[in-house]
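The following exercises concern the chain and the ligands displayed here. Please attempt each task before reading its solution.

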Amino acid sequence: MADLTSTFVGITSPNPFWLASAPPTDKEYNVRRAFEAGWGGVVWKTLGEAGPPVVNVNGPRYGAVYGADRRLLGLNNIELITDRDLYTNLEEIKRVKADYPDRAMIVSIMVPCEEEAWKAILPLVEDTGADGIELNFGCPHGMSERGMGAAVGQVPEYIEMVTRWCKQYYSKPVIVKLTPNITDIRKPAAAAKAGGADAVSLINTINSITSVNLDSMSPEPSIDGMGSHGGYCGPAVKPIAMSMVSEIARDPETSGIAISGIGGITTWRDAAEFITLGCGNVQVCTAAMTYGFKVVQEMISGLSEWMDEKGHTSIDDFRGAAVPNVTDWQYLNLNYVAKALINQDLCISCGRCYAACEDTSHQAISMSDDRVFEVIDDECVACNLCVNVCPVEDCITMEAMTPGTIDPRTEKVVEPDYANWTTHPNNPAATTAAE
Ligand SMILES: Cc1cc2nc3c(=O)[nH]c(=O)nc-3n(C[C@H](O)[C@H](O)[C@H](O)COP(=O)(O)O)c2cc1C
Ligand code: SF4
Ligand code: SF4
């Protein structure tokens, strides 16, 4: 059976599934139950400095985006870091770590961007026996207005500076959690690396307003008639997170730094995808908040079965396996030609593919009087839209054309050789270079 043991920046956990810093990891009661349910590790809910804790709103702090079946696709929150006393948290962390030595215990921290503030909290965290720290440079609301969270994560120089302080005043691994509210994620990742970070984790939540109440005219969640942007997470953010992870994994300046993948991970398959893009482990928040702690059991059994099926004996066997296949658009093979194919045995004649292709794509699907839908190869550009709108899984597939055959749309031979935009005759840059 596949070994799910994960060793991330030297921290070993029985599986690669950690709970991300958020309400599920807010207190001893939760974390003990999470460990009993099987989570390999946790990143404790972000701690702030000693003194009066922050204060959360006393009204709704979540907003949601649903699919047609009311399944939660995206979650928005306006919660702050922990609103519990620092020393209470530290005592709980120490107790739980002592009772679960085989699980990863990471402490998330966010204090003002001043050396003294970090110097003060780091020895206290070290004393808990936790395995490492995660620097919360990502929280997009509330804390950022106070010069913390995303306000630091958006300035690479600050990231590098604070990371250096942490490496100086703390002896164990330092993970830098990145905000996605930035144009080029490679810049903060490079800054973390330059500051000596052992790893980066991403993504934290994305600036968002999920809805506006059209009676009160208030963004939701609404607090006494007013709303504020919050942080978006859940399945909807997974594509954004995976793109950012892959950018870090393949950029020469940042490649090699350990990555903890976060963002919309709900199933074992999501986790496996993040790992193929270079992540050493993954963190989960919304899935646990939606389905409870036991959701990890499906993740563990699913990943283990898939690894057995593929012959992978460890996480490292497939970590980063997809990274070499992530490229820039200009290097995609323009000689690759495919066509859509409708499986008539599966088709329920709903007509969605026809509407999509006829109205917004390439008029490449015909509809007969008795509602038989067929692809017109002479028109099909293989855009895949029909596949994406068809309600029946695998009813429409994309079939690659055999090299040497004629594409009826272009009436050209499908060339066997790889050729991309950099040398294409229509590319002015390629023409200029050739002259
Ligand atoms: C209610 C809530 C509170 C959160 N609080 C924190 C926090 O204190 N520190 C932190 O680093 N991230 C916090 N996060 C962000 C999560 O750790 C995680 O990065 C984000 O939710 C994306 O993962 P997901 O899609 O699995 O939820 C919070 C998320 C939610 C939903
Ligand atoms: S792949 Fe695109 S062009 Fe071809 S049939 Fe489907 S929607 Fe139309
Ligand atoms: S969308 Fe799918 S099921 Fe509906 S008509 Fe097209 S092929 Fe058939």
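The exercises treat overall form, nonpolar cores, ligand shells and one loop residue.

This is a predicted model, in which local features need pLDDT of at least 70 and side-chain atom pairs count only at pLDDT 80 or more, while totals for chains, interfaces and linings use all residues. Residues are numbered from 1 along each chain as its sequence is written, and chains are lettered from A and ligands numbered from 1 in the order in which they are written.

**Exercise 1.** Characterise the overall form of the chain.

Solution.
- Step 1: There are 13 helices and 22 strands in the chain (DSSP runs numbered from the N terminus: H or I of at least four residues, E of at least two).
- Step 2: The radius of gyration, taken over C-alpha atoms, is 25 Å, close to the 22 Å of the globule rule for 435 residues, so the chain is as compact as a globular protein of that length. The rule is 2.2 Å times the number of residues to the power 0.38.
- Step 3: Of the 435 residues, 43% count as buried (20 or more other C-beta atoms within 10 Å of the residue's own; exposed means 12 or fewer, partly exposed in between; C-beta atoms are placed from the backbone).

**Exercise 2.** Describe the nonpolar cores, meaning sets of buried Ala, Val, Leu, Ile, Met, Phe, Trp, Tyr and Cys residues joined through C-beta atoms within 7 Å.

Solution.
- Step 1: The largest core has 94 residues, of which Ile-133, Val-176, Val-200, Val-245 and Ala-271 touch the most other members.
- Step 2: Helix 7 (residues 238–250) gives this core its largest share, six residues.
- Step 3: A second, separate core comprises 16 residues, including Val-337, Cys-357, Ala-382 and Ile-396.

**Exercise 3.** Compile the shells around the ligands (C-beta atom, placed from the backbone, within 6 Å). Nonpolar means Ala, Val, Leu, Ile, Met, Phe, Trp, Tyr, Cys and Pro; charged means Asp, Glu, Lys and Arg; the others, Gly among them, are polar.

Solution.
- Step 1: Ligand 1 is surrounded by 28 residues, namely 13 nonpolar, 12 polar and three charged.
- Step 2: Ligand 2 has 15 residues around it, with Cys-357, Ala-364, Cys-380, Cys-383 and Cys-386 nearest. Helix 11 (352–360) and helix 12 (385–389) each give two or more residues to this shell, which contains no charged residues.
- Step 3: Around ligand 3 there are 13 residues, the closest being Cys-347, Cys-350, Arg-352, Cys-353 and Cys-390.

**Exercise 4.** Is Pro-52 buried or exposed?

Solution.
- Step 1: Pro-52 lies in the loop between strand 4 and strand 5 (62–66).
- Step 2: Pro-52 counts as exposed because it has 9 C-beta neighbours inside 10 Å.
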